[in-house]
Amino acid sequence: MGEKVYAIKEGFNSNTNEKIENIIVGTWAECLKYVKGVKGAKYKSFEDKNEAEKFLNGAPIILDKIDNNYPKDILHIYVDGSYNSQTMEYSYGMVAVRDDVVLHIDSGKGNSDSTKNIRQIAGELEGAVKGCQYAQSMGEKKVVIFHDYIGICYHATGFWDRKEESSKQYYRKMQEIMKSGIEVIFVKVDSHTGDLFNELVDEKCKERLGIKSDKVVEKWLACNIINVASKAIKDEIRLIAPKGEANIIVKEPNTIKDSNIELKCNEKQNKTYSFSEIVHEYTINKGEIDSLLLNLSSDEKTNFIIYLLKTNDIK
């Protein structure tokens with residue numbers, strides 16, 4: 001394995017006041033000079049200079065999670081696949097996350113002559129499609145797909161030739177999804193490196209096929225918590241990590257955290273309000289609640305409006 005290099009597709013040299021394009025540098029420090037604080041900078045690290053050159057010469061952009069340069073404020077989907085050589089079945093999995101809260105989990109399995117030769121790859125491709133379809137159903141305009149198989153991006157964009165029927169179908173479905181108006185951002189995450197959500201989707205895939213896992217999620221939950229959006233999702237995780245049940249926390253959808261609001265009383269900072277408390281507090285301290293409401297996300301505003309309609313019996 002060669003030394004790591006950094007390919008910079010777009011950056012900026014503040015010393016010369018010039019735009020930087022399509023260069024390869026040998027150190028992170030040098031890369032940082034051209035990308036730190038630069039809006040829209042595009043760069044990626046590689047172990048192989050040839051791969052870095054492919055990236056600069058038109059290969060689809062795949063970010064690397066370790067570089068930490070992917071969007072944080074949109075929906076994240078983790079996908080994976082698995083394969084049982086005894087039953088010749090493959091499985092897919094997808095885990096949807098926003099702000100470190102697990103919103104949705106889906107997994108399934110299949111068996112066909114077309115997919116048995118590519119083993120778990122069939123499941124990884126199906127997981128990516130399911131993830132993008134979920135994002136569409138939620139009205140998302142952008143989504144980040146985290147994957148450990150590079151073909152998730154290269155087959156979706158047509159950069160790789162498609163020989164198997166499953167990859168041809170995947171290309172058609174992903175092209176249809178991406179042309180519908182949703183932007184898909186591909187991020188590579190190394191498998192079996194302890195990344196919680198990647199391990200979670202991996203273990204859900206194995207569960208579908210009756211394959212034993214290393215119980216990474218359960219071990220992680222021994223001393224950490226994971227937030228989920230519903231009891232149903234908690235039950236999904238409990239199936240693969242029963243000993244960690246106490247640390248799977250259901251985060252109620254009708255609460256909001258005003259951590260970015262400056263409150264007069266220090267003891268109230270980072271307070272979590274239920275929607276009913278917001279209505280009550282509004283009659284006491286209108287100015288403070290006005291400030292809080294102005295800082296709600298679009299999803300929180302939608303949920304609050306639905307709450308108000310329901311509590312007033314408006315159908």
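Two strands count as paired if DSSP finds at least two bridges between them. Strands (E, at least two residues) and helices (H or I, at least four) are DSSP runs, numbered from the N terminus. The model is predicted: local features need pLDDT of at least 70, side-chain atom pairs count only at pLDDT 80 or more, and totals for chains, interfaces and linings use all residues. Residues are numbered from 1 along each chain as its sequence is written, and side-chain values use heavy atoms, with hydrogens and water left out.

**View 1. Strand 1 against strand 2.** These strands run antiparallel and are joined by 7 bridges. Gly11 has Ile20 of strand 2 as its bridge partner. The two strands form a hairpin, with 4 residues between them. In the turn, Asn17 has a positive phi of about 60°.

**View 2. The open sheet.** The sheet has 3 strands in the order 2-1-3, with antiparallel pairing. Strand 2 (18-25) and strand 3 (42-46) are at the edges with a single partner strand each, so one side of each has no neighbour in the sheet. From one strand to the next, the twist averages 10°. Angles run from 0 to 180 degrees between N-to-C directions; axes are lines fitted to C-alpha atoms, for helices over the stretch in contact.

**View 3. Strand 1 against strand 3, with the helices.** Strand 1 (residues 5-13) is joined to strand 3 by 5 bridges, again antiparallel. Tyr6 has Ser45 of strand 3 as its bridge partner. Helix 1 (residues 28-35) lies across strand 1, strand 2 and strand 3, at about 25° to strand 1. Helix 2 (residues 49-56) packs on the sheet and touches strand 1, strand 2 and strand 3. Its direction makes about 35° with that of strand 1. Contact means heavy atoms within 4.5 Å.
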